[in-house]
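Work through the exercises below with the coordinates open. Try each task before reading its solution.

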Amino acid sequence: MGVPEIAIETSGLVKTFGSTRAVDGVDLTVRRGGIYGFLGPNGAGKTTVIRMLATLLRPDAGEAHVLGHDVLTEAKVIREKIALTGQFASLDEDLTGIENLIMLGRLLGLSSRAARSRGLDLLAAFGLSEAAEKQVKKYSGGMRRRLDIAGSLIVTPELMFLDEPTTGIDPRSRNQVWDIIRTLVSGGTTILLTTQYLEEADQLADRLAVIDHGTVIAEGTPGQLKAQVGSGALTVRVLDEADREDAARVLGEVIGADVHRESDPTALTVRVDQTARAAAALTALEAEDLGIETFSLGQPSLDEVFLTLTGSPADDSAQGTPDETKAGAR
Ligand SMILES: Nc1ncnc2c1ncn2[C@@H]1O[C@H](COP(=O)(O)OP(=O)(O)OP(=O)(O)O)[C@@H](O)[C@H]1O
Ligand SMILES: [Mg+2]
């Protein structure tokens, strides 16, 4: 029997909680290998989709196949092949790092010796050896995330769900988690990663779906989505105010978009789709001897993505207050 090439396939997936349509008809196709990103604001439905795919929650309508198996009728097989970590992960706070891993290993059927040895290897791989004997309640957020991911790797999964693995952790730990994720992928694991950070999706994902209000509003490679949204704004300050109009003309020609004159009489801003265009524009300014004091290229925020894709800010769409949404998401 060949290995199916598709890791996840859903059609018309729906989940309703009371009057909230948390997931409102999601169609997804995720190929095996690599990282698929699931991007959306609080309450968009990301965790709910993952819980259905991980067979923790039953869909109200629609179909989903995970690694070729039906979530409704083959939940047991799916659970053996996947790993899940993130917002709803459970580490035992009173146990130490190694004790948690041993316990998980035992649950997965390893002997205590094998579980300890695998646990120690994983702690070493995740830079947690020194914290092995520390209780988890004394871990920092970044250490917990790493232990959490380590725990889901006791048995190498074919497919791993990472639900906001880097939310609330510092940039250095975030980079470490990114490295871990990349290592997993190179070992053959397919990853479905949810995030609220466009940058994270951009760094890691081969493809991504943008989800809002329980529906997929855009899908593609990060490059394709950015091309839809515009990769941000180029801001240029000329050295000499008198050069600003000439600089505006050059920017307009090279970038092919409206150039905005800022209230600062030396500053211009223009939206750019591709970084390469911004570089070409700067070169053109230099070629015309227009001195530049500073320039900066801003990435679009998730808000900008939503604004462009939905025509309304993400906030407007939230059901209930942010607090309610967050509480419900747990
Ligand atoms: N068990 C539940 N009971 C009631 N409502 C729920 C439940 N789980 C989720 N919801 C609601 O469903 C919607 C989608 O929630 P979900 O947790 O899937 O969003 P999310 O995209 O993961 O958000 P976050 O970024 O905050 O984690 C929200 O409106 C949420 O309040
Ligand atoms: Mg969530």
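The exercises go from the whole protein to one helix, then to two loop residues.

This is a predicted model, in which local features need pLDDT of at least 70, side-chain atom pairs count only at pLDDT 80 or more, and totals for chains, interfaces and linings use all residues. Residues are numbered from 1 along each chain as its sequence is written, chains are lettered from A and ligands numbered from 1 in the order in which they are written, and side-chain values use heavy atoms, with hydrogens and water left out.

**Exercise 1. Describe the protein as a whole.**

Step 1. List the secondary structure: 13 helices and 14 strands. Helices (H or I, at least four residues) and strands (E, at least two) are DSSP runs, numbered from the N terminus.

Step 2. Take the burial. Of the 330 residues, 45% are buried (under 20% relative accessible area; exposed is over 50%, partly exposed in between; 1.4 Å probe, protein chains only).

Step 3. Take the surface. About 16000 Å² is exposed, and carbon and sulfur atoms supply 49% of that area. Areas come from the Shrake-Rupley method with a 1.4 Å probe; for residues, only the protein chains shown count as cover.

Step 4. Take the contacts (heavy atoms within 4.5 Å). Among contacts with a separation of 6 or more, 66% join residues 24 or more positions apart.

**Exercise 2. Check the length of helix H6 and find its buried face.**

Step 1. H6 covers residues 171–186, 16 residues in total. The expected span is 1.5 Å times one less than the number of residues. That gives 22 Å; the end C-alpha atoms lie 23 Å apart, which agrees.

Step 2. Sort the residues. Ser173, Arg174, Val177, Trp178, Ile180, Ile181 and Leu184 are buried. Seen down the axis, these buried residues fall within an arc of 160°, so they line one face of H6. The arc is that of the directions from the helix axis to the C-beta atoms. On the other side, Pro171, Arg172, Thr183 and Ser186 are exposed.

Step 3. Find the cover. It includes strands S3 (35–39), S7 (159–163) and S8 (190–195), with helices H5 (141–151) and H7 (198–204).

Step 4. Look past the end. Glycine 188 follows H6, with a positive phi near 105°.

**Exercise 3. Are threonine 55 and leucine 67 buried or exposed?**

Step 1. Place threonine 55: the loop between helix H1 (46–53) and strand S4 (61–66). Its phi is positive, about 65°, although threonine 55 is not a glycine. At 10% relative accessibility, threonine 55 counts as buried.

Step 2. Place leucine 67: the loop between S4 and strand S5 (69–70). Leucine 67 is not a glycine either, and has a positive phi near 50°. With a relative accessible area of 2%, leucine 67 is buried.
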